[in-house]
Amino acid sequence: MAWSASKIFSSFITDALNNTAALDLNTDTIKVALFDNSITPSQTVASASSAYGAGVWASGGVSDASGWPAAGRSLANVASGFSSNVYTFDADDTVSANATTTLTNAYGCLVYEDTLTTPVADQGLCFNYFGGANSVVSGTFTVVWNASGIFALTL
C-alpha cells in the first residue's frame, strides 16, 4: 500500500495527554528520518511501533552518511503554541548537513522524539508524506515544511 498521507500518531496524543510521555516539544531533541516507498505507515500503531527503528520504521530508511544520517536530522528553531483554538508544531525547514553524494527515493519522513525513553525510546510524533519520490545527487536535500506547520491540531 505504501505512503498515501501525513498523520499524527494517536499513541503520541494519548501518551502526551495521559502524561505517559513527559514531552517538551520546545526543548527536547526532535529528529526527522527519511524513508522510501517500501513501508506503509499507520497512525493507529502502539507507541513502540511508532518509534524510529521499530515497526515499519525499522527498514526502508533513506540516508547519506554525511549529509542526512539514517537516524535523521534534528529540527531547528522549534516553535509550538495555540492560536484561535489551533495548536501548531513547527520548525525551520530541515536541511542536509552538506551536499549529499546521493539520496534517492525519499517518499516521506518520520518525525520522532529523541530525548525521552519512556514509554518508549525514539517515539514517533507524526509522519509526513512528500507526495512522491524525492532525490538529490551532489546537492542539498531540504524538507520544506508546510506553511501551516509540521502538524496542527484543531480543538
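Me: Which residues form one aromatic cluster with Trp3 and Phe127?
Reply: Happy to start there, keeping in mind that this is a predicted model. The structure holds 13 aromatic pairs, and one of them joins Trp3 to Phe127. The cluster with these two is completed by Phe9, Phe35, Trp57 and Tyr129.

Me: How do the rings of Trp3 and Phe127 meet, and what is the angle between the planes?
Reply: Their centres are 6.0 Å apart. Planes over 60 degrees apart count as edge-to-face, and this pair is edge-to-face, with an angle of 70 degrees.

Me: How many residues apart are Trp3 and Phe127 in the chain?
Reply: Trp3 sits in the segment before strand 1, whereas Phe127 belongs to strand 9. Trp3 is buried at 6% relative accessibility, and Phe127 is buried too, at 4%. The pair links distant parts of the chain, and the separation is 124 residues.

Me: What type of aromatic pair do Trp68 and Phe141 make?
Reply: Good one to look at on the model! The ring centres of Trp68 and Phe141 are 5.6 Å apart. Because their planes stand at 90 degrees, the pair is edge-to-face.

Me: Which loops does the pair of Trp68 and Phe141 tie together?
Reply: Both Trp68 and Phe141 are buried. In sequence they are 73 residues apart. Trp68 lies in the loop between strand 3 and strand 4, and Phe141 in the loop between strand 9 and strand 10.

Me: Which residue forms a salt bridge with Asp114?
Reply: The count comes to one salt bridge. Its closest N and O atoms are 3.5 Å apart, which fits the cut-off of 4 Å. Asp114 is in the loop between strand 8 and strand 9, and 83 residues away in sequence, in strand 2, is its partner, Lys31.

Me: Is Lys31 buried or exposed?
Reply: Asp114 is partly exposed, with a relative accessible area of 29%. For Lys31 the value is 17%. Because buried means under 20%, Lys31 counts as buried.

Me: Why do the buried residues of helix 1 line one face of the helix?
Reply: The buried residues in helix 1 are Ser11, Phe12 and Asp15. In an α-helix, residues three or four places apart point the same way. Seen down the axis of helix 1, the buried residues line one face because they fall within an arc of 100 degrees.

Me: What covers the buried residues of helix 1?
Reply: Ser11, Phe12 and Asp15 are the buried residues here. Their cover includes strand 1, helix 2, strand 9 and strand 11.

Terms used. Residues numbered from 1 in each chain as written. Predicted model: local features only at pLDDT ≥ 70, side-chain atom pairs only at ≥ 80, totals over all residues. Heavy atoms only, no water. Phe/Tyr/Trp six-rings, centres within 6.5 Å; stacked < 30°, edge-to-face > 60°. Helix = DSSP H or I, 4+ residues; strand = E, 2+ residues; numbered from the N terminus. Buried < 20%, exposed > 50% of the residue type's maximum accessible area, 1.4 Å probe, protein only. Salt bridge = Lys/Arg side-chain N within 4 Å of Asp/Glu carboxyl O. Arc of directions from axis to C-beta. Contact = heavy atoms within 4.5 Å.
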